[in-house]
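Colleague: Please take a close look at the aromatic rings in this model and at what sits around them, and give me the cut-offs behind each term as you go.

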Amino acid sequence: MKPTPPLHDTLVRVTQRIIERSRATRATYLQTTAASKRPQRYRAGMGCANVAHAFAAMPASDKLVLHQERQPNVGIITAYNDMLSAHQPYENYPAQLRAWARELGATAQVAGGVPAMCDGVTQGCEGMELSLFSRDVIALGTAVGLTHSVYDGALLLGICDKIVPGLLIGALQFGHLPMLFVPAGPMSSGLANDEKAKVRQQHAQGLVDRATLLAAEEAAYHGPGTCTFYGTANSNQMLLEVMGLQLPGSSFVHPGTELRQALNRHAVQRVLELARAEAPQTLADIVSEKTVVNGIIGLLATGGSTNHTIHLVAMARAAGILINWDDFADLSSAIPLLTRIYPNGKADVNHFHAAGGMGFLIDQLLGAGLLHEDVQTVMGPGLHRCTQEPWIDAGQLAWRAPAQQSADEQVLRPVSRPFSPDGGIKLLQGNLGRSVVKYSAVAPEHRRVRAPALVLDSQQALLDLFKAGQLERDFVAVLRFQGPQANGMPELHKLTPVLGSLLDRGFKVALVTDGRMSGASGKVPAAIHLSPEALLDGPIAKVRDGDMVLFDCEAGLLQVEVEAEQWSARSGQRIDLGANEHGFGRELFALFRRHAGLPECGGSALFGNH
């Protein structure tokens with residue numbers, strides 16, 4: 001292990017601020033977790049009828065092991081379906097995990113399944129309005145699965161957008177157990193992501209037909225595994241590694257390979273080792289304030305998905321840790337950008353992995369005092385353990401030190417030669433509220449836009465104007481009533497080809513919205529997650545067509561240029577949400593909004609003071 005350098009002052013200051021802010025809520029969480037711990041196997045002492053129900057369908061050999069109440073029983077939460085390419089490989093995981101547990105003298109059961117919707121399928125469709133809602137359903141489903149109290153540890157099978165955050169939020173309610181995430185890996189590289197984006201823009205302009213567009217999409221999305229761009233799914237995988245919740249180097253190993261199988265088997269071995277320990281290392285031990293800060297830093301250093309400016313807030317809160325956008329912003333000023341992965345560059349995650357991947361990235365940040373080393377991980381104490389690179393040596397899984405040089409500095413760079421001295425995400429503030437922008441993906445010439453507002457209440461309205469040829473000008477699209485309380489905060493990625501084509505024609509164009517953009521979006525300057533949202537009387541509801549809007553990434557400014565007195569006197573416009581509460585799933589979401597709301601995403605208190 002290398003000597004640990006002094007931590008960067010900003011890292012120390014932000015971490016201490018989070019610890020102080022979270023003192024009461026973190027203490028409550030840890031007390032609750034401690035009260036759930038048992039000195040013996042969790043099924044020991046349960047009523048005979050309870051135990052019989054739990055194990056009735058298991059093989060006789062497993063029952064013999066369970067009756068002894070000495071060996072761990074591992075719960076598996078799976079997000080398998082074969083519609084989502086990233087999760088299709090999970091089909092056979094439960095049987096394999098159970099078999100490996102038996103080989104190691106223990107048992108395993110599928111504790112539950114959770115939904116896994118694909119945002120790529122639902123983009124621009126009604127189903128997208130349930131996307132963010134699904135995270136909370138997944139969290140609840142995870143907790144329901146683990147509620148049976150017969151598990152001594154758990155393996156979490158999930159990769160994509162809302163699924164990993166939901167799994168972790170639910171699992172943290174059982175933080176007294178050891179747990180690991182088990183990935184499945186990315187698909188092999190297909191049509192380059194920038195080429196795919198080019199065809200999308202051409203189709204939006206009517207230059208190519210649907211058959212050409214479909215051929216390009218199928219060449220990009222062509223097999224089992226995660227999509228290869230650096231969107232939310234692959235940002236999830238980066239987060240799990242840098243937070244020590246997943247085996248080192250396991251995120252970007254292809255499905256169906258010898259190394260993938262060896263890593264999956266080792267995940268079973270490792271959770272059993274943790275569960276058998278005299279003082280088991282639990283999920284609550286791993287997810288600390290320092291772990292969460294490491295997650296933010298990983299996101300910034302890689303230019304990861306802006307969706308995690310929402311998800312990480314909720315994931316941390318589930319462990320009693322309170323973070324907000326001020327923490328992201330302050331850390332961003334000190335964290336260098338070390339990767340160029342699409343949409344921040346032309347490379348995909350396979351190129352990143354080949355260039356040195358997570359081991360090189362974590363090692364570089366640790367060596368510069370830009371990550372907390374003194375944390376717990378699934379491999380044991382110390383983040384340096386997460387720099388190890390897995391490989392197959394004489395048919396067996398082995399671990400080696402990370403690469404000391406990037407194999408491709410167009411994709412992955414050392415701290416001494418970053419792509420940018422600051423992080424990939426920036427906070428924008430002004431009289432419109434607070435929002436975030438994926439700064440690293442926006443070309444320098446597009447980072448400052450001053451143009452008249454074009455006010456819209458649906459993404460379809462903008463698409464219709466484009467098709468009608470009415471957007472051949474400079475403008476800032478102000479798209480409102482897309483927040484969590486309004487319609488579930490759908491991703492608005494379908495606007496990217498249209499706005500991107502206008503940028504390419506030389507127009508100054510930007511987007512301001514209380515909705516979300518996909519983790520794959522970035523070319524278009526987009527101030528997203530604007531808080532407070534329009535439905536909660538946010539200032540975005542006061543913007544009128546023609547108001548001059550200043551969108552300045554460099555200065556961190558988002559401002560409507562209206563006299564302060566006039567702006568203060570304006571009332572916000574309203575829309576009838578009831579008109580939109582018809583169609584599949586919408587009645588369900590309307591019920592959820594009225595009775596539960598989505599405070600993790602829409603509560604302005606989480607995003608800092610206004």
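Modeller: Let me begin with Trp567, whose ring has the charged end of Lys542 sitting over it, at 4.7 Å from the ring centre; a charge sits over a ring if NZ of Lys or CZ of Arg is within 6 Å of the ring centre and within 35 degrees of the ring normal. The model is a predicted one, in which local features need pLDDT of at least 70 and side-chain atom pairs count only at pLDDT 80 or more, while totals for chains, interfaces and linings use all residues. Residues are numbered from 1 along each chain as its sequence is written, and side-chain values use heavy atoms, with hydrogens and water left out. A second ring to look at is that of Tyr439, where Arg447 lies over the face at 4.2 Å from the ring centre.

Turning to rings that meet other rings, a search of the whole structure finds three aromatic pairs (rings of Phe, Tyr and the six-membered ring of Trp, with centres within 6.5 Å; planes under 30 degrees apart are stacked, over 60 edge-to-face, the rest tilted). One of them joins Tyr90 and Tyr93, whose ring centres are 4.9 Å apart and whose planes stand at 85°, so this pair is edge-to-face. Both of these tyrosines, Tyr90 and Tyr93, are buried (under 20% relative accessible area, with exposed over 50% and partly exposed in between, using a 1.4 Å probe and protein chains only). Tyr221 and Phe229 also form an edge-to-face pair, because their planes are at 80°, with the ring centres 6.5 Å apart. Within that pair, Phe229 is buried, with a relative accessible area of 14%, whereas Tyr221, at 29% relative accessibility, counts as partly exposed.
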